[in-house]
Amino acid sequence: MAPATRLVLLIGWLGYALMPWYLVEGMSLTSWAWLAEYPFGKAGSALALALSGRAPWLLPIGVALAAATLFWGSANRQRTATVLLWAGLIGMVLFFAQAFSIVLKDHGIAWLATLLGGAGASQGGIGGGAFLTLLALLFLLCHGLAYRGVCRGDLFTVSTIGLVVMLIGIFIFFPVAIILKSALVDQNGAFAPAAFIERFLDSSIWGLGCLSANVNCGVAWNTLILAVLCGVITTLLGLACALLILRTGMPGKRIMRALTVLPIITPPFVIGLALILLFGRAGAISTVLYEWFDIPRSRWLYGLPGVLLAQVLAFAPIAFLVLIGVVQGISPSLEEASQTLGAKRWQTFRTVTWPLLKPGIANAFLLGFVESMADFGNPLVLGGNFEVLSTKIFFAVVGASYNQGQAAVLAIVLLAFTLGAFWVQQRWLGGKSYTTVTGKGDAGLPTPLPRRITWLSIAVIVPWVALTLVIYLVILVGGFVRNMGRDYTPTLQHYITGFAIDFSNGLYFQGSAWSSFFTTIKVAAISAPLTAVIGLLTAYLLTRQRFRGRSGLEFATMLSFAIPGTVLGVAYILAFNVPPVEITGTGLILIIAFVFRNMPVGVRSGIAGLSQIDKSLDEASTTLRARSFTTLWRVVLPLLKPALVSALVYSFVRSMTAVSAVIFLVSAEYNLSTAYIVGRVEAGEFGLAIAYSSVLIVFMALGIALIQFLVGERKLGRRKVVALSSSVSDPITQGATS
């Protein structure tokens, strides 16, 4: 038995025999208050509870651990593999059987509870001991598979696959299944497939009356059109910005790069509010156009144009973060070879550069498409009569006409659209190779952009940057005036109300916003690294390992992104408000929601980056007898720094600015910044809301700078670009003379 397997067994016995199995009221997962009642109190270990007769259904789990322990010193690898595999598998089946059968009234499975010897009994949520035991059983199963040669017998790879699959199953599939099962039942909870068909074919979803009459189209078509437009525009903007920053010598690139990232560190509804203050009927620009040019005021902002504009401003930075690493990873030597063979700049860009950009473009479009479909804040603020699936689901769940079944059907439609986009992306990329980062030397200079691409990129980027500047000017000014749009008297009252500090009796954070601000920082600081690690590990498994179910795992990683944040929040409440996982109202549920809501960005960024790194680097490390973890840590990860920065930055800022996914999960003890800001907006305190948003923007900008400083840049051994002006026609000559 390998030392790693022995360590897993020790962890399993620690959780089963020493740590508390159940959560007791007032005790967290990591609390040590259980020692006061150990071993036979409410917080006793599974072994103590089983031997005392209080929880006999926990005894078979210990038997599974004991069976694996009997082979502690065994040298027979095949026999050990069989025992570990069956001990882990049976132990996990018993674990989930007892967890979901003997629970609260009307929630358990009666016949299974009777079979396990606990009929009529109830149990609380799992504690630290149950979690460690489940983890150990999972790893025993994975080690058994590895001993049998799965994934070349690599314990780290098989264990990582098992861990990712289990986490996705518990925190994505389980809560989504809880809410989606209501699509097949009627209002009384009875199985009714006819009701599902009736809801699915409703004209409000698929109606095309807008083509023949003056009525609204179905909400499905509205959502699809909006998502396609948003995906295309955000991808083109992100690509144009990445090309200008990395492939031209234009001045002001640092400022432009900062401005393009600003929208991603801003709560989305704040951008919508700024657009209303600018382009609404009483907005500043609308007023100027009316008074100076006699252009009548209109409500063009409320509908598809306004929602699309807000989403483009909010989601284009995501495409930029994905594409800048892809553009940076393109090998200059390939472009130099093209020009050496007589190709001009445009031909080189079209035949060499553009094909190598395909993975980044496909992933950027997919993220923009899915983000648009799942967006809730912007359509709610600017939608008007233009309904989309996310807002319709929201009102079906929390509106006066509560209809959980209709919300589930709408979520299925939204999921189908996302799967369709995923399929189109896979078809477009095909099975081609996009490798550009190899183990060979690559000291070429990037080819200057063709003039038409440069000028087209400038023409696209300048209006975007200009509008971003105006929006943030509105946000900045709004926190320092009494009432934006009505009373422009300068004041600091909004900042004093939210962030006052009392120094009279030491340091006392007196402002009303401090509590939510500190809670948000803690949650973001914990969830961001977890999101990046899980996302990049999953991307590594999907691109570097071959195993059954790989395509299914890739789909599963996108599932949480496809479901609107509001629906995911409601699903988490329904799934985790009762045993066996009882974490509603704690800070842990916020961290879990952020990790698995934002994980797809880390996965897609990692896949885009890894598709450019030659597998020969991994093979060379393996040839030198490095384990897979060592290869990942010392070879692959340093080359994935752009993807790591993208994952960390995105997960950090989304944890600071997300609304829909956590609006139902916050509590009085764990309130977040966005929930506080929404409350101020509902109360009409727009100045305080904008002031708080300004503080968040500054803090997140500092956080992003710190992340980039700590991670650093990817070193590819290439020469730095001295100048890429249009007057230079031969990059090879330029490289030789420099």
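This is a guided walk through a predicted model of a protein chain, from its overall make-up to some local details.

Let us start with the whole chain. It holds 33 helices and four strands. Of its 738 residues, 55% are buried. Among contacts with a separation of 6 or more, 75% are between residues 24 or more positions apart. On the outside, the chain exposes about 32,600 Å², and carbon and sulfur atoms supply 66% of that area.

Now step inside. In soluble globular proteins, nonpolar side chains tend to be buried together. Here the largest nonpolar core has 220 residues, and the ones with the most contacts inside it are Trp-21, Leu-58, Leu-275, Ile-461, Ile-471, Tyr-572 and Phe-596. Helix H15, residues 304–329, gives the largest share of this core, with 17 residues.

Two members of that list make good stops. Take Phe-596 to begin with: leaving aside residues up to four places away in sequence, Phe-596 touches Leu-167, Ile-168, Phe-171, Ile-172, Ser-560 and Tyr-572. Tyr-572 is itself among the residues with the most contacts inside the core.

The other stop is Ile-461, which can be approached from Ala-240. Ala-240 sits in helix H11, residues 219–247, and is buried because its relative accessibility is 7%, under the 20% cut-off. Again leaving aside residues up to four places away in sequence, Ala-240 touches Ser-457 and Ile-461. Along the chain Ala-240 and Ile-461 are 221 residues apart, yet their C-alpha atoms are separated by 7.0 Å.

Aromatic rings are the next theme. How many aromatic pairs does the structure hold? There are 29 of them. One of these joins Phe-174 and Phe-576, with ring centres 6.1 Å apart and planes at 45°, so this pair is tilted. Phe-174 belongs to helix H7 (residues 155–180) and Phe-576 to helix H26 (residues 565–576), so the pair ties together parts that are 402 residues apart in sequence. The two rings sit in contrasting surroundings: Phe-174 is partly exposed, at a relative accessible area of 24%, whereas Phe-576 is buried, at 0%.

A second pair, Phe-196 with Phe-200, has ring centres 6.0 Å apart and planes at 25°, so it counts as stacked. Both of these residues lie in helix H8 (residues 193–200), four residues apart, about one turn of the helix. Phe-200 is partly exposed, with a relative accessible area of 27%.

If you follow the ring pairs from one residue to another, you can trace a cluster that links Trp-13, Tyr-16, Trp-21, Phe-95, Phe-96, Phe-100, Phe-171, Phe-174, Tyr-572, Phe-576 and Phe-596. Some of these names are already familiar: Trp-21, Tyr-572 and Phe-596 also appear among the residues with the most contacts inside the core.

Rings have charged partners here too. Arg-299 lies over the face of Tyr-302, at 4.7 Å from the ring centre. Likewise, Arg-680 places its charged end over the ring of Tyr-676, 4.9 Å from the centre of that ring.

A polar residue deserves a look as well. Asn-378 is found in helix H19, residues 377–382. Is Asn-378 buried or exposed? Asn-378 is buried, with a relative accessible area of 0%. Its side chain has a partner: a polar contact of 3.0 Å joins the side chains of Asn-378 and Asp-375.

Finally, turn to the backbone. Most residues other than glycine have a negative phi, and most peptide bonds are trans. Three places in this model are worth viewing with that in mind. Pro-579 and Pro-580 are joined by a cis peptide bond, with omega of about 10°. Pro-580 lies in the loop between H26 and helix H27 (587–610).

The other two places are residues with positive phi. Cys-151 is not a glycine, but its phi is positive, at about 55°. This residue lies in the loop between helix H6 (128–147) and H7, and at 12% relative accessibility Cys-151 counts as buried. Asp-294, also a residue other than glycine, has a positive phi near 60°. Asp-294 is found in the loop between helix H14 (284–293) and H15. At 60% relative accessibility, Asp-294 counts as exposed, whereas Cys-151 is buried.

Note on methods
Residues numbered from 1 in each chain as written. Predicted model: local features only at pLDDT ≥ 70, side-chain atom pairs only at ≥ 80, totals over all residues. Heavy atoms only, no water. Core = buried A, V, L, I, M, F, W, Y, C linked by side-chain atoms within 4.5 Å. Buried < 20%, exposed > 50% of the residue type's maximum accessible area, 1.4 Å probe, protein only. Contact = heavy atoms within 4.5 Å. Phe/Tyr/Trp six-rings, centres within 6.5 Å; stacked < 30°, edge-to-face > 60°. Lys NZ or Arg CZ within 6 Å of the ring centre and 35° of its normal. Areas by Shrake-Rupley, 256 points an atom, 1.4 Å probe, with all protein chains shown as cover. Polar contact = N/O pair within 3.5 Å; in protein donor to acceptor, adjacent residues only side chain to side chain.
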